[in-house]
Amino acid sequence: MKLFAVCPKCKNEISFNSIHKTRVEFAMNDGETKTLNCKICEYKNTFKINELYAKESKIAQIIAGLIFFIGTPFLLFYAKTILIKMGTLKLTLIIGSFMLIPALIYKTILKEDRIRVNTFNRGRLKNQ
Ligand SMILES: [Zn+2]
């Protein structure tokens, strides 16, 4: 996932990719500091692991949004066709619950992403 740190010199946010889900895991595998070059001022920074942080993913938000905003009208379109053909109350209820699927996927993606961010940001190294 993407992790971030703020350059102390120019306050630019530096990002990099990491496979580690927590700070402890990061420190155990990659050491207790991370050296990053600022892309703006080219200053070479050494960050403590506690200074690194995760943010909610824009990609996750976009995917969740797409599923919701494309999935719902898509289902509505097919529901209308089926209803015109068969039209019963029971069927309406079944289709109604199918309508909730894009909304549920949307909520789940955003929730999972929030959990990922919180897991990283809450767990701090004690000796830093
Ligand atoms: Zn900088």
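These are my notebook entries on a predicted model, covering its zinc site, two loops, one serine and two helices.

**Entry 1: the zinc ion**

I looked up which protein atoms hold the zinc ion. The donors are the SG atoms of C7, C10, C38 and C41, and they lie 2.2 to 2.3 Å from the zinc ion. Along the chain I read their spacing as C-x2-C-x27-C-x2-C. I then checked the angles among the 4 donor atoms, which run from 105 to 114°. I noted the site as tetrahedral, because all of these angles lie between 85 and 135 degrees.

Next I asked how accessible some of these cysteines are. C7 has a relative accessible area of 0%, so I wrote it down as buried. C38 is at 3%, and it is buried too. C41 comes out at 29%, which I entered as partly exposed.

With cysteines on the page, I also looked for disulfides. A disulfide is a covalent bond between the sulfur atoms of two cysteines. I found 0 of them in the structure.

**Entry 2: two loop residues with positive phi**

I went through the backbone angles next. Most residues other than glycine have a negative phi. K11 has a phi near 65°, a positive value. I located K11 in the loop between strand 1 (residues 2-6) and strand 2 (residues 13-17). Its relative accessibility is 61%, so I marked K11 as exposed.

E42 also has a positive phi, near 60°. I placed E42 in the loop between strand 3 (residues 33-37) and strand 4 (residues 44-48). With a relative accessible area of 65%, E42 is exposed.

**Entry 3: S18**

Is S18 buried or exposed? I had found S18 in the loop between strand 2 and helix 1 (residues 23-30). Its relative accessible area is 7%, so S18 is buried, the cut-off being under 20%. I then listed what S18 touches, leaving out residues up to four places away in sequence: M1, L3 and F26. I also noted that the side chain of S18 reaches the backbone nitrogen of H20 at 3.0 Å.

**Entry 4: helix 2**

I moved on to helix 2, which covers residues 58-86 and has 29 residues. From its first C-alpha to its last I read 41 Å, close to the 42 Å expected at 1.5 Å a residue.

At the start of helix 2 I looked at S57. A side-chain oxygen of S57 comes to within 3.2 Å of the backbone nitrogen of I59.

Which residues of helix 2 are buried? I wrote down A60, A64, G65, G71 and A79. An α-helix has 3.6 residues a turn, so residues three or four places apart point the same way. I then asked which helix the buried residues of helix 2 pack against. The partner is helix 3, residues 89-122.

**Entry 5: I94 and A79**

My last look was at I94, which is in helix 3. At 40% relative accessibility I entered I94 as partly exposed, because the value falls between the 20% and 50% cut-offs. I compared its position with that of A79, one of the buried residues of helix 2. I94 and A79 are 15 residues apart along the chain, and their C-alpha atoms are separated by 9.7 Å.

Conventions. Residues are numbered from 1 along each chain as its sequence is written. This is a predicted model: local features need pLDDT of at least 70, side-chain atom pairs count only at pLDDT 80 or more; totals for chains, interfaces and linings use all residues. Side-chain values use heavy atoms; hydrogens and water are left out. Helices (H or I, at least four residues) and strands (E, at least two) are DSSP runs, numbered from the N terminus. The expected span of a helix is 1.5 Å times one less than its number of residues. Buried means under 20% relative accessible area, exposed over 50%, partly exposed in between (1.4 Å probe, protein chains only). Contact means heavy atoms within 4.5 Å. A polar contact is a pair of N or O atoms within 3.5 Å; within protein, one must be able to donate a hydrogen and the other to accept it, and residues adjacent in sequence count only if both atoms are side-chain atoms. A disulfide is a pair of cysteine sulfur atoms within 2.5 Å. Donors are N, O and S atoms within 2.8 Å of the metal (3.2 Å for Na, K and Ca); water is not among the atoms, so sites may look incomplete. Four donors count as tetrahedral if all angles lie between 85 and 135 degrees; four count as square planar and six as octahedral if opposite donors are over 155 degrees apart and all others between 65 and 115; anything else is irregular.
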